[in-house]
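Visitor: Could you take me through one part of this structure up close? I'd like to see how a single strand sits among its neighbours.

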Amino acid sequence: MPTENSHDVEVCSLSPDGSLLITIDEEGKLILTSVSRRAVLAHLNLKQRVVCLSWNPVVSSSIFAVGLEDGSTVCWRAPRVGTNFAPFELVARLGGHPDAVPAIHWTNPGAFWCPSSLADRAAVDPRASQN
């Protein structure tokens, strides 16, 4: 792939349909790449360490959530491959965990997302259910 993060990659994931690849380095710089075109589509600086990344399991979805070191979870809609480019769209932000969020789980078919932390806390947010 023609992408190159400036620091070591800590998190990477393919979208459910395999068309998009997200890599995030240790500084929180996210690179979105089209797998079929082998081209970088967008960059996003999350400005802190990302602990986990999880795509909405709906195959046609471009929504993903990241768990951050500060205990918050942020959900984004990724720009899709096509003629019209749109930047990342913030879908929801969920905080309240006292420590890093190492896991994010989605219900099937992706109507709700649930980040969890090492402090045995979980929260459910329905705002990311839109495709």
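Guide: Let's start where β6 meets β7: the two run antiparallel and are joined by five bridges. One spot to look at is Ile-63, which stands opposite Arg-77 in β7. The two strands make a hairpin with four residues between them, and Gly-71, which sits in that turn, has a positive phi of about 95°. Keep in mind as we go that this is a predicted model.

Now look at the other neighbour of β7. β7 covers residues 73-77, and it pairs with β8 in the antiparallel sense, again over five bridges. Here you can pick out Val-74, standing opposite Arg-93 in β8, and Cys-75, whose bridge partner in β8 is Ala-92. What holds such strands side by side? Strands of a sheet pair through backbone hydrogen bonds, and they can do so parallel or antiparallel.

Let's zoom out a notch. The sheet is open and has four strands, in the order β5-β6-β7-β8, with antiparallel pairing. The edges are β5 (50-55) and β8 (89-94); each has a single partner strand, so one side of each is left without a neighbour in the sheet. Neighbouring strands in this sheet are turned by 20° against each other on average, ignoring direction.

Back to β7 itself: is it covered or open? It's mostly covered, as five of its five residues are buried. In a regular strand, side chains alternate between the two faces of the sheet. In β7, Thr-73, Cys-75 and Arg-77 lie on one side, while Val-74 and Trp-76 lie on the other, and all of them are buried. That's how both faces of β7 come to be covered.

Cys-75 deserves a second glance. Its relative accessibility is 0%, so it counts as buried, the cut-off being under 20%. Compare Cys-12, which is exposed because its relative accessible area of 53% is over the 50% mark. How many disulfides does the structure hold? Zero.

What about the nonpolar packing? The largest nonpolar core has 19 residues, and those with the most contacts inside it are Leu-30, Phe-64, Val-66 and Phe-88. β7 is one of the suppliers: β2 (20-25), β3 (29-34), β4 (39-45), β5, β6 (63-68) and β7 each give this core at least two residues. Leaving out residues up to four places away in sequence, Leu-30 touches several others, including Ile-22, Ala-42, Leu-44, Phe-64 and Phe-88. There's also a second, separate core of nine residues, with Cys-52, Ala-65, Val-91 and Val-101 among them.

Here's how our strand fits into the whole chain. The secondary structure comes to zero helices and 10 strands. Buried residues make up 45% of the chain's 131 residues. If you take contacts between residues at least 6 apart in sequence, 39% of them join residues at least 24 apart.

For contrast, try two loop residues. Arg-38 sits in the loop between β3 and β4, and its phi is near 55°, a positive value in a residue other than glycine. Lys-47 is in the loop between β4 and β5, with a phi near 65°, again positive in a residue other than glycine. Arg-38 is exposed, with a relative accessible area of 52%, and Lys-47 is exposed too, at 70%.

How values were computed:
Residues numbered from 1 in each chain as written. Predicted model: local features only at pLDDT ≥ 70, side-chain atom pairs only at ≥ 80, totals over all residues. Heavy atoms only, no water. Disulfide = S-S within 2.5 Å. Buried < 20%, exposed > 50% of the residue type's maximum accessible area, 1.4 Å probe, protein only. Pairing = 2+ DSSP bridges. Axes fitted to C-alpha atoms, helices over the stretch in contact; angles between N-to-C directions. Core = buried A, V, L, I, M, F, W, Y, C linked by side-chain atoms within 4.5 Å. Contact = heavy atoms within 4.5 Å.
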